[in-house]
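Thank you all for coming; I would like to walk through a few places in one model, and I will try to keep to what the coordinates support. Please have the sequence and the structure open as we go.

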Amino acid sequence: MLRILDKLLLFAMCSCLIFQLEGDYRRVVIFIIGLIVAALTLYIENRKVIGALLIAMAVLCLIEPGFTFLLPLVFFDSFWFGLWWGMGFAVLFFYALPVYQPWMTAIWLFLSLAAVLLAYCTRQATELKRNLIRLRDTSTELSFVMREKNRKLLEEQDTEIYMATLKERNRIAREIHDNVGHMLSRAILQMGALSTVYEEEPLHGQLLKVNDTLNLAMNNIRESVHDLHDDSVDLKQALLEATREMKQHYHLDLEYDMSQNVPRKVKYCFIAAVKEAMSNIVKYSNGDRIEIVLREHPALYQMTIEDNGTDVEKQKKATEQMREEKDDLKSAAGGMGLSNMRERVESLGGSIHVNCEKGFKIFISIRKKEEAV
């Protein structure tokens with residue numbers, strides 16, 4: 001922008017000299033050609049083309065001395081583009097000196113010096129602005145990279161803490177089961193034997209009460225161990241394990257975008273759904289690609305399982321199998337089945353949709369507000 005303003009100012013002052021020439025035709029021709037060349041040098045950035053325009057201006061100065069009034073613009077462009085040889089065209093001033101009056105000579109010299117100074121100052125200002133923009137962009141990019149690295153480090157740290165927590169929960173559950181559980185079992189057996197041997201009251205009644213207390217403690221510990229084990233299930237790792245064998249025969253993509261606080265019933269629902277879907281794909285699909293997507297939204301959990309199978313007859317069999325399982329739950333004895341999958345999802349307040357028109361596809365959505373923790 002500064003460059004445009006500088007050239008407009010120089011061209012306006014040069015035009016004042018041009019219109020001091022005699023002959024309207026000469027003035028108009030020089031003015032128009034000068035305006036065209038000044039505009040082209042603003043638009044064109046190729047140094048070779050600019051050099052050719054400057055040489056053309058020098059030739060015009062030899063043909064018509066009045067064109068030397070535009071030499072300050074030539075000096076400006078020569079300095080701007082680093083074409084230092086263009087400054088040598090100043091000798092043309094002496095060739096055109098007869099058309100100059102003394103005051104015109106002073107103005108021409110002033111404009112030539114001003115053109116060089118303006119080109120230098122504007123070029124420096126433009127370069128500084130470019131450097132400032134470059135530094136700002138680099139700073140923004142580095143800041144973004146640092147934030148991204150920091151975010152990844154925090155995620156890795158959270159993942160490590162989460163995995164360590166899962167391992168510790170498994171260890172505690174195993175310790176309780178192996179140590180406290182066995183000791184309570186032994187105590188229950190001993191109390192049972194004592195209550196059988198000592199049938200006199202009130203000792204017999206007291207032994208039975210102690211035995212009931214031990215059984216209650218055993219049940220509470222068993223439930224706590226199961227809860228610890230259920231909470232320590234890593235959903236992503238479980239899905240990778242459930243689909244590990246499928247990767248030998250299918251191109252399988254797993255997209256996982258879930259937080260670490262997924263309720264255990266939702267975890268087991270998704271794991272069972274994936275296992276059943278893998279079984280149905282093996283039985284009924286002729287595809288070679290499987291895509292599993294799990295996403296957590298602010299209000300719900302979603303999972304999509306689909307393949308690229310195209311065998312319509314086998315897909316119809318899969319649909320019939322789904323309908324049969326819905327009417328007859330006996331098929332659940334051999335596996336979860338689609339009907340059991342539907343019941344489990346609906347028990348969590350969710351919905352399930354199965355589509356076999358273009359490949360096998362299961363879409364499960366479970367609302368967070370109704371999920372069972």
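Let me begin with Phe-79, which, leaving aside residues up to four places away in sequence, touches Trp-84, Val-116, Ala-119, Tyr-120 and Arg-123. I should say at once that this is a predicted model. Phe-79 lies in helix 4, and, with a relative accessible area of 14%, it counts as buried, because buried means under 20%. One of its contacts, Arg-123, is 44 residues away from Phe-79 along the chain, and the C-alpha atoms of these two residues are separated by 9.0 Å.

Staying in helix 4, which spans residues 71-81, we come to Ser-78. Is Ser-78 buried or exposed? At a relative accessibility of 0%, Ser-78 counts as buried. What does the side chain of Ser-78 reach? It reaches the backbone oxygen of Val-74, at 2.8 Å. If we again set aside residues up to four places away in sequence, Ser-78 touches Leu-54, Leu-83, Trp-84, Gly-86 and Met-87. Trp-84 therefore appears in the contact lists of both Ser-78 and Phe-79, where contact means heavy atoms within 4.5 Å.

Finally, let me turn to the surface, where Met-1, Leu-2, Ile-4, Leu-5 and Leu-8 form a nonpolar patch, with about 520 Å² of accessible area together. From this patch I would pick out Ile-4, which lies in helix 1, residues 2-18, and which counts as partly exposed because its relative accessibility is 36%.

Technical notes
Residues are numbered from 1 along each chain as its sequence is written. This is a predicted model: local features need pLDDT of at least 70, side-chain atom pairs count only at pLDDT 80 or more; totals for chains, interfaces and linings use all residues. Side-chain values use heavy atoms; hydrogens and water are left out. Patches are made of residues with over 30% relative accessible area and no salt bridge: like charges are joined within 9 Å, nonpolar side chains (Val, Leu, Ile, Met, Phe, Trp, Tyr) within 5 Å. Accessible areas come from the Shrake-Rupley method with a 1.4 Å probe; for residues, only the protein chains shown count as cover. A salt bridge is a side-chain nitrogen of Lys or Arg within 4 Å of a carboxyl oxygen of Asp or Glu. Helices (H or I, at least four residues) and strands (E, at least two) are DSSP runs, numbered from the N terminus. Buried means under 20% relative accessible area, exposed over 50%, partly exposed in between (1.4 Å probe, protein chains only). A polar contact is a pair of N or O atoms within 3.5 Å; within protein, one must be able to donate a hydrogen and the other to accept it, and residues adjacent in sequence count only if both atoms are side-chain atoms.
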